[in-house]
Amino acid sequence: MTDALPVLLRFGAMMMRAGDTAFRVRQAMDLLATRLGVERLALHITLGGMTATAWQQGRATTLATEIAPPGIDAARIHALETLARDDRGALTAQKLANDLDRIEAEGPLHSIATVAAAIGLASAAFSYLNGGDLLGTGAAMVAGAVGQASRALLFRRRLNQYAVSAFAALLASGLYCLIVFAIAGRGFSSALAVGFISSALFLVPGFPLVAALLDLVQHQITAGMARLFYALMILLAAAFGLSVVADVANLPSVPPPAPGHGIEPMTLFWRALASFAGGCGFALLYNSRLRTVLAVGLLSLAGNELRLALHDLGMSLPPATFLGALAVGLLASVARAELHVPRIALTVPGIIIMTPGIYAFRTIVLLNQGEVLAAVEAGAICCFVIGAMALGLAAARFATERHWIVER
């Protein structure tokens, strides 16, 4: 136990830092513990630390470790889960430690410039899907790319995540307003206002929000609640930066989008292209491999097209979003069997494009204008849609994974 338990805790801490769910961390550590000769393992997992008690030959050993601030790394999640499932040959604590050293030494798969360009395209796609015009879409692309590049550079210096999120939101939305004002003057139409929230889309903490809900469904209450509040703090930091710029620029509120009537072929084509670009952009942001990036783009295309088509036909946005996310989750069950990647690395970036940006923007602007009741209404719709995104993925797991529907 003196050798096995520390390396087991190091493995679990690496999984949590990479953004994996607590219940997957528990499953992976159980697999490794059995191979290391541990008879029984009890875990207490939070976002900031982990405690493990291991039994061997009737004796119990307890050890605790701290977890560094969380991040998102789909490639590392894949490597660690693959390591846990690999039952070929004998496993010792030293061999596991060497494997962890190798995984930890691997750098990002994509450069800062590549990820920034991908996020720029995703921001432009989000602006187009929400009714932004050509100027607003182009400005969102530039501002989103610059904001993501600045965030990545600041994270390399290990600065506080909340301060960096607020600064990146301030920079991206401020740059967006400068571009729009320089070209279109002080007049800020509704179509231009749509791109404002799109410029900061990369700050949406989709991974921790969805992981938190999945943990709560699996009774990982402590880790789930901690991750949920972490995601909410990131959202509040980004909203602070956006609110400052919205107040200084005196941005108008945007009317809520109304469902369309009928679907034109060219509209479907451009929406599909934008959805594909958005999914690929966020898969690159989460450090996925190129095969996974393309698969996520296709999943995003299918799920978002279904969501928008149902909304165009008159269905309200929350149930349409639930069905779109459910489609992404079900299709991901098929795709992961071929790609051999963690399911969360396919589903979460595949649904980020469904984020209700218009309602989030309305909430911020209306609060700045003192319209509290209207802001609460817009915020409630925003929360319902975000909840529908996560619940759609959870429902897909209930339908395809037996251990999700049967409690142990």
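Student: Why are both Phe-282 and Tyr-286 called buried?
Tutor: That word is for residues under 20% relative accessible area, and in this predicted model both Phe-282 and Tyr-286 count as buried.

Student: Okay, on to rings. How many aromatic pairs does the structure hold?
Tutor: There are four aromatic pairs. One of them joins Phe-269 and Trp-270, with 5.2 Å centre to centre and 75 degrees between the planes.

Student: What makes the pair of Phe-269 and Trp-270 edge-to-face?
Tutor: Check the distance, then the angle. Ring centres must lie within 6.5 Å to pair, and here they are 5.2 Å apart. Planes over 60 degrees apart count as edge-to-face, so the 75 degrees between Phe-269 and Trp-270 earns that name.

Student: Why is Phe-269 called partly exposed?
Tutor: Partly exposed runs between the 20% and 50% cut-offs. Phe-269 has a relative accessible area of 44%, so that's where it falls. Trp-270, at 43%, is partly exposed too.

Student: And what makes the pair of Phe-282 and Tyr-286 tilted?
Tutor: Their centres are 6.3 Å apart, with 50 degrees between the planes. Stacked needs under 30 degrees and edge-to-face needs over 60, so 50 degrees leaves tilted. By the way, ring pairs also link Phe-207 with Phe-282 and Tyr-286 in a cluster.

Student: How do you know that Arg-40 lies over the face of Trp-55?
Tutor: For an Arg, the CZ atom has to be within 6 Å of the ring centre and within 35 degrees of the ring normal. Arg-40 is placed over the face of Trp-55, at 3.8 Å from the ring centre.

Student: Let's do pockets. Which residues lie closest to the centre of the largest pocket?
Tutor: The largest pocket has a volume of about 1500 Å³. It is lined by 44 residues, and the closest to its centre are Pro-70, Gly-71, Ile-72, Phe-155 and Gln-161. Helix H6 (134–156) is among the helices that each supply at least two lining residues, and H6 gives the largest share, five residues.

Student: How do the residues of that lining divide by class?
Tutor: The lining of the largest pocket has 25 nonpolar, 11 polar and eight charged residues. The second largest pocket, with about 610 Å³ of space, has 19 nonpolar, five polar and no charged residues in its lining. H10 supplies seven of those residues, the largest share.

Student: How do you know that the span of H10 agrees with what it should be?
Tutor: The expected span is 1.5 Å times one less than the number of residues. For the 29 residues of H10 that comes to 42 Å, and the end C-alpha atoms are 41 Å apart, so the two agree.

Student: Why does Gly-174 count as buried?
Tutor: Its relative accessibility is 18%, which is under 20%, so Gly-174 is buried. Gly-174 sits in helix H7, and its C-alpha atom is 8.3 Å from that of Ala-143, 31 residues away along the chain.

Student: What makes Gln-57 exposed?
Tutor: Exposed means over 50%, and Gln-57 has a relative accessible area of 69%, so it qualifies. Gln-57 lies in the loop between strand S2 (49–56) and strand S3 (59–66), and its phi is positive, about 55 degrees, although it is not a glycine.

Student: Is Arg-158 buried or exposed?
Tutor: At 77% relative accessibility, Arg-158 is over the 50% cut-off, so it counts as exposed. Arg-158 is in the loop between H6 and H7, with a positive phi near 60 degrees.

Terms used
Residues numbered from 1 in each chain as written. Predicted model: local features only at pLDDT ≥ 70, side-chain atom pairs only at ≥ 80, totals over all residues. Heavy atoms only, no water. Phe/Tyr/Trp six-rings, centres within 6.5 Å; stacked < 30°, edge-to-face > 60°. Buried < 20%, exposed > 50% of the residue type's maximum accessible area, 1.4 Å probe, protein only. 1 Å grid on protein atoms, 1.4 Å probe; cavity = no way out; pocket = protein on both sides within 12 Å on 5 of 7 lines; lining within 4 Å. Points joined across faces, edges and corners; volume = space filled by probe spheres on them. Helix = DSSP H or I, 4+ residues; strand = E, 2+ residues; numbered from the N terminus. Nonpolar A, V, L, I, M, F, W, Y, C, P; charged D, E, K, R; others polar.
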